[in-house]
Amino acid sequence: MYWTEWGGKPKIDRSAMDGTGRITLVPNVGRANGLTIDYAERRLYWTDLDTTLIESSNMLGLDREVIADDLPHPFGLTQYQDYIYWTDWSQRSIERANKTSGQNRTVIQGHLDYVMDILVFHSSRQGGWNACASTNGQCSHLCLAVPISSFVCGCPAHFSLNYDNKTCSAPTSFLLFSQKSAINRMVIDEHQSPDIILPIHSLRNVRSIDYDPLDKQLYWIDSKQNSIRRAQENGNMSMTVVWSPVGGPNVGLQPFDLSIDIYSRFIYWTSEVTNVINVTRTDGSRVGVVLRGEHDKPRAIVVNP
């Protein structure tokens with residue numbers, strides 16, 4: 001993989017697709033952007049936001065050439081057949097020119113607000129094969145192509161590669177925290193792994209969360225949707241466990257907090273409207289109320305089964 005690096009002194013770097021074998025190909029550039037490959041001629045092309053040039057080199061960063069200059073503000077870049085195509089912020093346009101000489105510059109489309117990236121999709125630019133194309137290399141999660149050994153297996157963030165170098169194990173201890181429209185996971189380890197947003201969608205106002213280690217599912221209260229929902233960590237099997245259908249018995253229940261008894265498979269939850277502690281099975285069937293008092297207003301709850 002090839003990328004433009006803006007940290008420190010700008011440059012263009014290359015590494016294997018697992019991040020190993022990193023080298024610098026083009027050291028003396030401005031803020032290079034719009035990086036693309038001419039697969040037929042085996043050349044790199046890029047735009048430079050500081051010099052406002054479009055440049056090219058071979059795949060080793062050598063034989064460097066200026067293809068187009070005097071460009072107002074080039075940003076995105078792609079290549080197809082004999083042409084390069086780029087977006088220009090100042091001109092609000094898509095333009096093209098000959099990929100070797102920069103001649104025959106033509107405005108393809110103008111008057112485009114906020115024009116950003118650009119891409120040509122064609123079989124001539126999408127062909128090829130690597131070992132990961134066949135059964136994902138027998139990897140349970142990520143198959144990463146590398147030049148010498150053909151591929152290595154990798155794992156998503158917070159997962160660890162097992163001794164078979166093929167399968168991944170989920171973290172056994174972690175910290176979960178919610179924001180208004182996201183549920184995040186953090187693994188506290190010596191690597192200082194960053195927190196990640198779990199791919200759970202349609203969150204509007206997450207008020208409370210809990211985790212069921214037996215089914216490996218997250219439960220949460222969404223106060224905007226007036227419901228208790230659950231899903232796997234990868235976002236699959238998302239479903240509503242407790243909600244307030246129009247005209248139903250739970251209208252206006254407004255769940256406030258919840259806690260799961262993983263052994264009895266019960267959810268204990270409080271309501272800021274009814275001021276009771278409710279019990280619902282994890283399959284969504286209602287059990288009843290375990291605490292109700294004239295002067296009670298239970299809110300935060302945790303169980304110790």
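Contact, as the word is used for Tyr-268 and the other residues described here, means heavy atoms within 4.5 Å. The structure is a predicted model, and the description moves from the overall form of the protein to its core and then to individual residues.

The secondary structure of the protein comes to one helix and 26 strands. The radius of gyration is 27 Å, well over the 19 Å that the globule rule gives for 305 residues, so the protein is more spread out than a compact globule. Along the principal axes, the C-alpha trace spans about 85 × 50 × 35 Å. Of the 305 residues, 39% are buried, and the protein exposes about 17200 Å², of which carbon and sulfur atoms supply 52%. Among contacts with a separation of 6 or more, 32% are accounted for by residues 24 or more positions apart. The charged side chains comprise 28 positive and 32 negative ones, and the centres of these two sets lie 5 Å apart.

The largest nonpolar core has eleven residues, namely Tyr-219, Ile-221, Ile-228, Val-241, Val-242, Leu-253, Leu-258, Ile-260, Ile-262, Ile-267 and Trp-269. Two or more residues are given to this core by each of strand 20 (217-222), strand 22 (239-242), strand 23 (255-261) and strand 24 (266-271). Val-241, one of the core residues, is in contact with Tyr-219, Ile-228 and Ile-267, and also with Arg-229, Arg-230, Thr-280, Arg-281, Thr-282 and Gly-284, when neighbours within four places in sequence are left aside.

Several residues in this part of the chain were examined individually. Tyr-268 lies in strand 24, and, apart from neighbours within four places in sequence, it is in contact with Asp-257, Leu-258, Ser-259, Asp-261, Ile-277, Asn-278, Val-279, Val-290, Ile-301 and Val-303. Leu-258, listed among these partners, is also a member of the largest nonpolar core. Gly-284, a contact of Val-241, is 16 residues from Tyr-268 in sequence, and the two C-alpha atoms are 12 Å apart in space. In the loop between strand 23 and strand 24 is Arg-265, a residue other than glycine whose phi has a positive value near 65 degrees.

Gln-217 is found in strand 20, one of the strands that give two or more residues to the core. With a relative accessibility of 4%, against a limit of under 20% for burial, Gln-217 counts as buried. Residues up to four places away in sequence not being counted, Gln-217 touches Asp-210, Tyr-211, Asp-212, Arg-230, Ala-231, Gln-232 and Met-237; Arg-230 is likewise among the contacts of Val-241. Arg-207, which lies in strand 19 (residues 206-212), is partly exposed, with a relative accessible area of 34%. Beyond residues up to four places away in sequence, Arg-207 touches Ile-221, Ser-223, Pro-255, Phe-256 and Glu-272, and Ile-221 is itself a core residue. Arg-207 and Gly-284 are 77 residues apart along the chain, and their C-alpha atoms are separated by 19 Å.

Further residues were considered at lower sequence numbers. Met-59 lies in the loop between strand 6 (53-58) and strand 7, and at 11% relative accessibility this residue counts as buried. Leaving aside neighbours within four places in sequence, Met-59 is in contact with Tyr-2, Arg-14, Leu-25, Ile-37, Arg-42, Arg-43 and Leu-44. The C-alpha atoms of Met-59 and Lys-11 are 14 Å apart in space, with these positions 48 residues apart in sequence numbering.

The loop between strand 7 (65-68) and strand 8 (74-80) holds Asp-70, which is exposed at 68% relative accessibility. Most residues other than glycine have a negative phi. Asp-70, although not a glycine, has a positive phi of about 55 degrees. Thr-78, by contrast with this loop position, is placed in strand 8 and counts as buried at 1% relative accessibility. Its contacts, neighbours within four places in sequence being left aside, are Thr-36, Ile-84, Tyr-85, Ile-118, Leu-119, Val-120 and Arg-125. Thr-78 and Asp-38 are 40 residues apart in sequence, and their C-alpha atoms are 8.7 Å apart in space.

Note on methods:
Residues numbered from 1 in each chain as written. Predicted model: local features only at pLDDT ≥ 70, side-chain atom pairs only at ≥ 80, totals over all residues. Heavy atoms only, no water. Core = buried A, V, L, I, M, F, W, Y, C linked by side-chain atoms within 4.5 Å. Buried < 20%, exposed > 50% of the residue type's maximum accessible area, 1.4 Å probe, protein only. Helix = DSSP H or I, 4+ residues; strand = E, 2+ residues; numbered from the N terminus. Rg over C-alpha atoms; globule rule 2.2 N^0.38 Å. Areas by Shrake-Rupley, 256 points an atom, 1.4 Å probe, with all protein chains shown as cover. Lys, Arg positive; Asp, Glu negative; His and termini not counted. Charge placed at Lys NZ, Arg CZ, Asp CG, Glu CD.
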